[in-house]
Amino acid sequence: MLPNVRPPAVAGRFYPSDPGTLEAQVRRFIRAAPKPVGPPPVALVAPHAGYDYSGAVAASAYALVTSPERSVRRVVLLGPSHFVPFPGVALPECGYFESPLGLHAVDGDAVRKLEGTPGVRTWQRPHRDEHCLEVQLPFLHVALGPVPVVPMVTGAAEPREIAEVLERVWTPETLVVVSSDLSHFLPYDRARQTDARTAEDVEHLRVDALEPGRACGAVALRGLLEAARRRGLEARCVDLRNSGDTSGS
């Protein structure tokens, strides 16, 4: 392992560890995704389950940013801490995040802008085994190249706190990616109903309506919706499927 690098934690489990196999799979997902319509988005919500379950849906999001119409110079990644509970937001202590496709530098300028922000700490432990940001990296690499990233995992935080963190680093050349799956372990029909209601709340930027149980990345997602309301943005659902649709299970 290189010094100052956060190595992959779930390569070979959530997605292939072989670089050639992984790149071919991601490119296949993106080629099969719906063709982009309209201007490129400034933010995405993408899932983080294993690629067998979520890769096709993630590709529907990342296909929207493959266009050269908009220059993306850094990507802010936000997702939930699955293993380490804490208040606020954690930045990594490392300088690079690694995937089998290569390294993504942690954007030092953005990190410095976030230093001293209430609720933000620099702490490697929540990042060490966390998969929610890692699984976005191969898609980012194929869609945008080895773009610098600002990786943040969220603990307990209010939407306004997350929105204020985003505002400090959200420039015209920044893409924001919130990593979140939706419902978990529901029967198929109930999952479809629950997820459709969640998607409708997201599309209408209903911050307060989005209960944590309907999305594991609800903290980050609610913060994004709060920031979107402040910026006068609109949300659009581009794909909505569950594992019963993608894997049959």
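**Two sheets and the helices around them**

In this predicted model, strands S3 and S8 run parallel to each other and pair over 6 bridges. Along that pairing, Pro80 sits opposite Thr154 of S8. Both strands belong to an open sheet of 6 strands, laid out in the order S2-S9-S3-S8-S4-S7 with mixed pairing. S2 and strand S7 (120–122) take the edge positions; each has a single partner strand, so one side of each goes without a neighbour in the sheet. From one strand to the next, the twist averages 25°.

At the S2 edge, the pairing is with strand S9 (residues 174–179), in the parallel sense and over 4 bridges. Here Ala46 faces Ser179 of S9. Strand S2 (residues 43–46) also has two distinct faces: Leu44 and Ala46 make up the covered one, while Ala43 and Val45 lie on the uncovered one. Ala46 thus turns up twice, once on the covered face and once as the residue opposite Ser179.

There is also an open sheet of 3 strands, with the order S1-S5-S6 and, again, mixed pairing. Its edges are strand S1 (5–6) and strand S6 (102–105), and since each has a single partner strand, one side of each is left without a neighbour in the sheet. S1 pairs with strand S5 (residues 96–99) in the parallel sense, over 2 bridges. Arg6 has Phe97 of S5 as its bridge partner. Helix H5 (residues 137–144) packs on this sheet, where it touches S5 and S6, and its direction makes about 90° with that of S5.

H5 has a place in the 6-strand arrangement too: the helix lies across S3, S8 and S9, running at about 160° to S3. How enclosed is H5 by the rest of the structure? Largely so, because 6 of its 8 residues are buried. The buried set is made up of Leu137, Pro138, Phe139, Leu140, Val142 and Ala143. These residues pack against a mix of helices and strands, namely helix H1 (19–32), helix H2 (51–62), strand S3 (74–80), S5, S6 and strand S8 (149–154). Just past the end of H5 comes Gly145, with a positive phi of about 85°.

Next comes a pair of packed helices. The axes of helix H6 (residues 159–169) and H8 come within 7 Å and cross at roughly 65°. The two helices are therefore roughly perpendicular to each other, and H6 passes H8 in a right-handed crossing. On the H6 side, the contact is made by Pro159, Arg160, Ile162, Ala163, Glu164, Leu166 and Glu167, and on the H8 side by Val219, Ala220, Arg222, Gly223, Leu224, Glu226, Ala227, Arg230 and Arg231. Sorted by class, that contact has 8 nonpolar, 1 polar and 7 charged residues.

One further residue of H8 deserves a look. Leu225 is part of helix H8 (residues 218–231). Is Leu225 buried or exposed? With a relative accessibility of 3%, against a cut-off of under 20%, Leu225 counts as buried. Leaving aside residues up to four places away in sequence, Leu225 touches Asp201, Val202, Leu205, Arg206, Val207 and Leu210. Leu225 and Ala235 are 10 residues apart in sequence, and their C-alpha atoms are 8.7 Å apart in space.

Technical notes. Residues numbered from 1 in each chain as written. Predicted model: local features only at pLDDT ≥ 70, side-chain atom pairs only at ≥ 80, totals over all residues. Heavy atoms only, no water. Buried < 20%, exposed > 50% of the residue type's maximum accessible area, 1.4 Å probe, protein only. Contact = heavy atoms within 4.5 Å. Pairing = 2+ DSSP bridges. Axes fitted to C-alpha atoms, helices over the stretch in contact; angles between N-to-C directions. Parallel < 35°, antiparallel > 145°, perpendicular 65-115°, else oblique. Left-handed = near helix turned anticlockwise from the far one by under 90°. Nonpolar A, V, L, I, M, F, W, Y, C, P; charged D, E, K, R; others polar.
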